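Student: I would like to go through this model term by term and ask what each label rests on.
Tutor: Ask away.

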Amino acid sequence: MRSSVTDMTSHQSHGEQLLEINGVELCVEPFGDRAAPAIVLVAGAAASMLWWDAELCEQIAARGRHVIRYDHRDTGRSTCYPTGQPAYSFNDLTLDVLGIQDALGIERAHVVCQSMFGGSGLILGVDHPDRVASLTFVSTSTGADDLPPPRDLAMPAEPDSSDAAAVVEYVVAGAMAFAGGSPYFDEAAIRALVERDVARARNYASTLVNHYAIEPDGPARGGFGDIAAPTLVVHGDHDPFLPLPHGEALRDAIPGAELLVLKGAGHDLPRPVWDDFVSALVRHTAGARP
């Protein structure tokens with residue numbers, strides 16, 4: 001195991017750590033008191049840890065939580081595979097969450113899964129319930145056939161991956177489309193994030209395509225109705241990719257699940273909804289219903 005850690009105040013970052021997990025190298029960044037209840041943030045497809053904003057992580061940590069964000073394989077500083085040739089499965093990415101918990105000495109964690117990797121939350125909740133204290137699904141879906149399809153998303157043509165400026169423009173345009181016309185979309189902030197993300201990645205061409213080249217897995221047994229962990233569903237009412245009925249269907253599919261609708265949010269967590277999200281997440285991970 002190799003690590004580089006800089007301890008700061010109790011609710012700030014402890015620094016990025018490169019950890020050997022499940023035969024690969026994953027970049028992990030913890031925030032806050034290591035003795036506090038742990039929350040592992042699982043970003044969506046093609047998203048590095050940067051898409052869980054550091055200030056958002058600090059706000060959660062300041063409310064008495066040990067927050068962990070990390071780079072999926074093929075994002076950020078984690079192990080990268082040739083473009084279009086991911087040598088791993090969806091289940092491997094899910095097991096990376098448990099590997100991070102093992103590496104950090106966390107027996108049970110509150111797991112927050114976003115978008116495509118809501119599927120990881122399903123696998124963890126059904127196949128590994130002893131490792132999950134609670135689940136939170138952000139901007140995700142049951143995938144049922146009768147749910148409304150995505151609205152038309154104005155996406156530009158895929159860029160030349162060797163042209164960093166064109167890649168930045170492409171990802172910013174995608175983020176704007178997925179915001180669904182939200183009044184909270186902050187193009188300048190997203191552009192700064194994407195520029196950092198592209199510069200930081202081992203191979204951003206692989207970031208853009210490799211997660212979409214794997215087949216989603218399900219649990220070895222059961223489905224959403226078999227999740228026993230306390231569950232919070234979070235969904236934006238402007239989400240154009242998975243419209244709000246997807247979040248409502250997910251709430252209805254999981255016994256006892258609660259739904260938090262983020263007014264004005266799209267398929268993301270813009271800064272103006274952080275107060276509502278953090279408050280609900282803190283209550284949820286304390287065992288009280290939001």
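Student: Which hand does the crossing of H2 and H3 have?
Tutor: The crossing of H2 and H3 is right-handed. A crossing is right-handed if the near helix is turned clockwise from the far one by less than a right angle, and left-handed if anticlockwise. This is a predicted model, in which local features need pLDDT of at least 70, side-chain atom pairs count only at pLDDT 80 or more, and totals for chains, interfaces and linings use all residues. Residues are numbered from 1 along each chain as its sequence is written, and side-chain values use heavy atoms, with hydrogens and water left out.

Student: What makes H2 roughly perpendicular to H3?
Tutor: H2 and H3 (residues 118–127) pack at an angle of about 65°, with their axes 9 Å apart. Angles of 65 to 115 degrees count as roughly perpendicular, under 35 as roughly parallel, over 145 as roughly antiparallel and the rest as oblique. H2 is therefore roughly perpendicular to H3. The axes are lines fitted to C-alpha atoms, for helices over the stretch in contact, and the angles run from 0 to 180 degrees between N-to-C directions. Helices are DSSP runs (H or I, at least four residues), as are strands (E, at least two), numbered from the N terminus.

Student: Which residues make the contact between H2 and H3?
Tutor: Phe 90, Asn 91, Thr 94, Val 97 and Leu 98 of H2 meet Gly 119, Ser 120, Ile 123 and Leu 124 of H3. Contact means heavy atoms within 4.5 Å. By class there are five nonpolar, four polar and no charged residues in the contact of H2 with H3. Ala, Val, Leu, Ile, Met, Phe, Trp, Tyr, Cys and Pro count as nonpolar, Asp, Glu, Lys and Arg as charged, and the others, Gly among them, as polar.

Student: Why is H3 called largely enclosed?
Tutor: Because 10 of the 10 residues of H3 are buried, H3 is largely enclosed by the rest of the structure. Buried means under 20% relative accessible area, exposed over 50%, and partly exposed in between (1.4 Å probe, protein chains only). The buried residues of H3 include Gly 118, Leu 122, Val 126 and Asp 127. Their cover includes H2, strand E5 (109–114) and E6.

Student: How do you know that Thr 136 is buried?
Tutor: The relative accessible area of Thr 136 is 1%, so Thr 136 counts as buried. Thr 136 belongs to strand E6 (residues 132–138). Leaving aside neighbours within four places in sequence, the contacts of Thr 136 are Val 111, Val 112, Cys 113, Leu 232, Val 234, Leu 281 and His 284.

Student: And why is Ala 154 called exposed?
Tutor: Ala 154 has 68% relative accessibility and therefore counts as exposed. Ala 154 sits in the loop between E6 and H4.

Student: What makes H1 and H8 oblique?
Tutor: The axes of H1 (residues 54–61) and H8 (residues 274–285) come within 10 Å and cross at roughly 40°. That angle falls in none of the named ranges, so H1 and H8 are oblique to each other. The contact is made by Glu 55, Leu 56, Gln 59 and Ile 60 of H1 and Trp 274, Asp 275, Phe 277, Val 278 and Leu 281 of H8. These residues divide into six nonpolar, one polar and two charged.

Student: How do you know that Glu 25 forms a salt bridge with Arg 202?
Tutor: The closest N and O atoms of Glu 25 and Arg 202 are 2.6 Å apart. A salt bridge is a side-chain nitrogen of Lys or Arg within 4 Å of a carboxyl oxygen of Asp or Glu, and the pair qualifies. Glu 25 lies in strand E2 (residues 24–31) and Arg 202 in the loop between H5 (187–200) and H6 (204–209), so the pair ties together parts 177 residues apart in sequence. Glu 25 counts as buried at 10% relative accessibility, whereas Arg 202 counts as partly exposed at 44%.

Student: What links Glu 16 and Arg 77?
Tutor: Glu 16 and Arg 77 form a salt bridge, with the closest N and O atoms 2.6 Å apart. Glu 16 lies in the segment before strand E1 (17–21) and Arg 77 in the loop between strand E4 (66–70) and H2 (90–103), 61 residues apart. Glu 16, at 22% relative accessible area, is partly exposed, and Arg 77, at 29%, is partly exposed.
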